[in-house]
Number of protein chains: 2
Amino acid sequence: MIRLSTKGRYGTRLMLNLGLHYNKENKAIVLKNISDEEEISIRYLEQIIIPLKINNLVKSIRGAGGGYTLARSPEKIKLSEILHALEGACCLVECVNDEEYCTRTSFCAVREVWKEASIMLKNYFENLTLQDLIKISKKKNPQTLKSTFNK
Amino acid sequence: MIRLSTKGRYGTRLMLNLGLHYNKENKAIVLKNISDEEEISIRYLEQIIIPLKINNLVKSIRGAGGGYTLARSPEKIKLSEILHALEGACCLVECVNDEEYCTRTSFCAVREVWKEASIMLKNYFENLTLQDLIKISKKKNPQTLKSTFNK
DNA sequence: ACAATTTCTATAAATTTATGTTAGAATTTT
DNA sequence: AAAATTCTAACATAAATTTATAGAAATTGT
């Protein structure tokens, strides 16, 4: 199965959640909040948010009253950046990005196909911003922000 | 990581291998051959070929002199059929095809994006035939058929 | 009829990767 | 100093992947 790992999926939801709470004040959101709303274990979120921080997609504020915020406004964050931070280069098969990965690279016809498909996917995510996700979310959930996350 | 499983990858190479050997006589190819040329364990190939047979993509001939052949000519076999046989429906995330999979389906904005991307991928594989793969392979390997599979 | 070849079936073991949890240290605010 | 919260490392569990084992069934050639 062609599958996106939970890191990518949960991390994207984490970012969307921060995006939905993003506003002028840009108040920090604690992981516990995100955990409750997104129904993802806080311990797992702690792991997932590390690469997002390293790649400068979120900012952290430690200590009481701390939490996380987006590092910049949602329209300036591409989905491809989020996925790249969480999962590395977007490729259906390792050999697409790492020619040395397999000794058959030079003559493997199948690789060409996986490569082409990977590029398609990459382009798709390249042209979607967090702002787009927020729009989709608000459209699907015209009610309050809170209800967006009902169980 | 967005990743195509080995079943899909190896199975596609298996099919391409059969395709490259496909000709008028349509002589059966033994798995040992494919195993040697593609450098995939014969034990694993035995497992992978089962769904290909069930889905009527290859035919088997038992006993001495037996082996496998394509069930029909390469231009009549779509890559999407191969992948579907090996991996089930093409979807980046389970919830894309199975709405019941997650309770958040009705309001999850992220799902829309995975769905869209899955459709893109599916269309791509829908429009590629084994014959296309064979062409690519022959173009990359203008020498003999044999050399295509040198290590 | 017999031996050799090869698919077919089932299961299990070993390995790797992905997912998730536990425990506690470090930092900051109140 | 206490509470809140991020940060870090290690551990535990589950799933996917790969290899291995053991033989049965079918077919061909001698």
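This report walks through a predicted model of two protein chains and two DNA strands.

## Before we start

Residues are counted from 1 along each chain as its sequence is written, while chains are lettered from A and ligands numbered from 1 in the order in which they are written. Because this is a predicted model, local features need pLDDT of at least 70 and side-chain atom pairs count only at pLDDT 80 or more, whereas totals for chains, interfaces and linings use all residues.

Helices (H or I, at least four residues) and strands (E, at least two) are DSSP runs, numbered from the N terminus.

## How the two chains are related

Two copies of a chain are related by a rotation about an axis and a shift along it. Here, a rotation of 179° with 0.0 Å of shift along its axis places chain A on chain B with an RMSD of 0.2 Å; the fit is by least squares on the C-alpha atoms of residues with pLDDT of at least 70 in both copies. This is the relation of a two-fold axis. In chain A, R3(A) has the C-alpha nearest the axis, at 2.9 Å from it. Both copies use the same surface, as 100% of the contact residues of chain A recur in chain B.

## Where the chains meet

How many residues of chain A are in contact with chain B? There are 33, and they meet 33 residues of chain B. Contact here is a matter of distance: the C-beta atoms of the two residues, placed from the backbone, lie within 7 Å. On the side of chain A that touches chain B, α1, α5 (109-126) and α6 (130-140) of chain A give two or more residues each. The largest share, nine residues, comes from α5(A).

By class, this side of chain A has 19 nonpolar, seven polar and seven charged residues. In this grouping, Ala, Val, Leu, Ile, Met, Phe, Trp, Tyr, Cys and Pro count as nonpolar, Asp, Glu, Lys and Arg as charged, and the others, Gly among them, as polar. One residue of helix α5 of chain A is E116(A). E116(A) is partly exposed, with 14 other C-beta atoms within 10 Å. Its C-alpha atom is 9.6 Å from that of C91(A), although the two are 25 residues apart along the chain.

## A helix with a buried face

Now look at helix α7 (residues 130-140) of chain B, where L130(B), L133(B) and S137(B) are buried. A residue is buried if 20 or more other C-beta atoms lie within 10 Å of its own, exposed if 12 or fewer, and partly exposed in between, with C-beta atoms placed from the backbone. Seen down the axis of α7(B), its buried residues fall within an arc of 55°, so they line one face of the helix. That arc is taken from the directions from the helix axis to the C-beta atoms. Their cover includes α5 of chain A and α1 (6-21) of chain B.

Y22(B) sits in the loop between α1 and α2 (31-38) of chain B. Y22(B) is partly exposed, with 19 other C-beta atoms within 10 Å. Leaving out residues up to four places away in sequence, Y22(B) touches L70(B) and P74(B).

## A hairpin in chain B

Strand β1 (residues 58-61) of chain B runs antiparallel to β2(B), and four bridges join them. For strands to pair, DSSP must find at least two bridges between them. S60(B) has Y68(B) as its bridge partner, and K59(B) stands opposite T69(B). The two strands form a hairpin with five residues between them, and G63(B) in the turn has a positive phi of about 80°.

## Around the DNA

Which residues come nearest to DNA strand C? Of the 23 residues around it, S5(A), S41(A), R43(A), G63(A) and S60(B) do. A residue is near a strand if its C-beta atom, placed from the backbone, lies within 6 Å of it. The largest share of this surface, three residues, comes from α3(A). By class, the surface has seven nonpolar, ten polar and six charged residues.

DNA strand D is surrounded by 22 residues, the closest being S60(A), S5(B), T6(B), S41(B) and G63(B). Two or more residues each come from α3 and β2 (67-70) of chain A and from α1 and α3 of chain B. For strand D, α3(B) gives the largest share, three residues.
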